[in-house]
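Trainee: I would like a close look at a single part of this model, set in the context of the whole chain. Could you take me through it in one connected account?

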Amino acid sequence: MSAAEAVQSFVEPGAVLGLGGQNINRCPMALVHEVVRQDIGELTVVGCNLSLPLDHLVAAGLVVRTEQGSGNLEKFGTLFSWRRAVEANRIEVRDYSHLSMASRFLAGAMGLPFMPVRSLLGSSILERLVAEEDAVVTADPWSGEPVVLVRACTPDVSLIHANAADADGNVVIDGVTSHEVDMVRASRHVIVSVEEVLPAGAFDDQPERVTISGAYISAVVEQPWGAWPTSVYRRYDYYESEIDGYQKSAKAGDEGPRAFLAEHVTAHADFDAYLAATDPGASARTAMAEQMRSLL
């Protein structure tokens with residue numbers, strides 16, 4: 001499908017939306033652009049480190065709640081739109097550790113209502129989760145030691161970007177997968193954008209390359225540079241200039257990121273038009289592809 005068709009088909013107002021990617025690596029930017037373009041709101045966004053895609057959704061006024069391990073862009077700083085929205089009580093937040101959030105997806109992938117973890121014990125995060133009935137402290141029935149039960153997380157739809165897929169939806173992710181495999185398996189629907197779509201059976205002689213089975217995928221969107229300006233391992237590095245430019249606009253106040261989205265997202269019919277307008281001649285993309293090749 002096209003990104004527009006996939007988002008229209010599977011992302012509904014009020015959905016629990018899982019986001020793949022990590023920090024400045026392989027974020028589903030093309031798909032998030034389309035959610036913004038279609039103005040699909042009242043979203044609960046879930047993930048481990050929710051980064052640039054989340055801040056775009058919050059700046060567009062589409063998020064009412066987040067459940068996450070963190071929200072930042074590493075050396076580029078925190079997510080300023082998200083932080084302001086939290087401070088102003090415009091969105092509700094549930095803080096978890098990365099491990100406990102990943103464990104929630106694992107529970108959902110296994111069809112279990114919860115997953116036991118130890119990593120939250122002794123933390124103020126746990127105190128709040130227990131008070132709001134999102135976690136329970138109980139005793140290990142064998143040792144008697146305390147364990148935390150965290151509620152399973154089962155997104156209505158998850159968005160990820162990957163290196164490649166075949167026509168049957170079998171997905172290849174090169175490099176770090178983070179929480180994505182379990183999040184995908186826990187989700188009702190999954191949209192994956194990929195750098196390229198290969199013919200059906202392309203991985204038959206190398207089944208070990210397949211990271212996620214097509215059985216879990218609802219729609220495949222062929223979108224080269226679909227994670228831009230974040231990176232895709234073996235394809236292109238992250239584009240520091242644009243990430244830094246967005247962060248500077250977001251840090252200045254709510255009007256900055258709204259103007260950024262108006263210029264970079266809603267002004268364009270699709271992601272290809274955005275790429276052509278912001279990187280005419282593809283000089284930046286070529287440089288980042290060459291930079292990635294130099295690192296391999």
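**A nonpolar surface patch and its setting**

Mentor: In this predicted model, a nonpolar patch lies on the surface, formed by Leu121, Val130 and Val137, whose accessible area together is about 200 Å². Of these residues, valine 130 can be placed in helix α6, which covers residues 124-131. Its relative accessibility is 35%; because buried means under 20% and exposed means over 50%, valine 130 is classed as partly exposed.

The patch belongs to a chain whose secondary structure amounts to 11 helices and 11 strands. For the protein chain as a whole, the accessible surface is about 12,500 Å², and carbon and sulfur atoms contribute 50% of that area. Of the 296 residues, 53% count as buried.

A helix that is mostly covered is α3, residues 52-59, where 8 of 8 residues are buried. Among them are Leu52, Leu54, Leu57 and Val58, and also Asp55 and His56. Just after α3, glycine 61 adopts a positive phi of about 75°.

The overall dimensions complete the picture. Along the principal axes, the C-alpha atoms occupy a box of roughly 65 × 50 × 40 Å. The radius of gyration of the protein chain is 19 Å, which agrees with the value near 19 Å that a compact globule of 296 residues would have. Among contacts with a separation of 6 or more, 74% join residues that are 24 or more positions apart.

Conventions. Residues numbered from 1 in each chain as written. Predicted model: local features only at pLDDT ≥ 70, side-chain atom pairs only at ≥ 80, totals over all residues. Heavy atoms only, no water. Patch = residues over 30% accessible without salt bridge, like charges linked within 9 Å, V, L, I, M, F, W, Y side chains within 5 Å. Areas by Shrake-Rupley, 256 points an atom, 1.4 Å probe, with all protein chains shown as cover. Salt bridge = Lys/Arg side-chain N within 4 Å of Asp/Glu carboxyl O. Helix = DSSP H or I, 4+ residues; strand = E, 2+ residues; numbered from the N terminus. Buried < 20%, exposed > 50% of the residue type's maximum accessible area, 1.4 Å probe, protein only. Rg over C-alpha atoms; globule rule 2.2 N^0.38 Å. Contact = heavy atoms within 4.5 Å.
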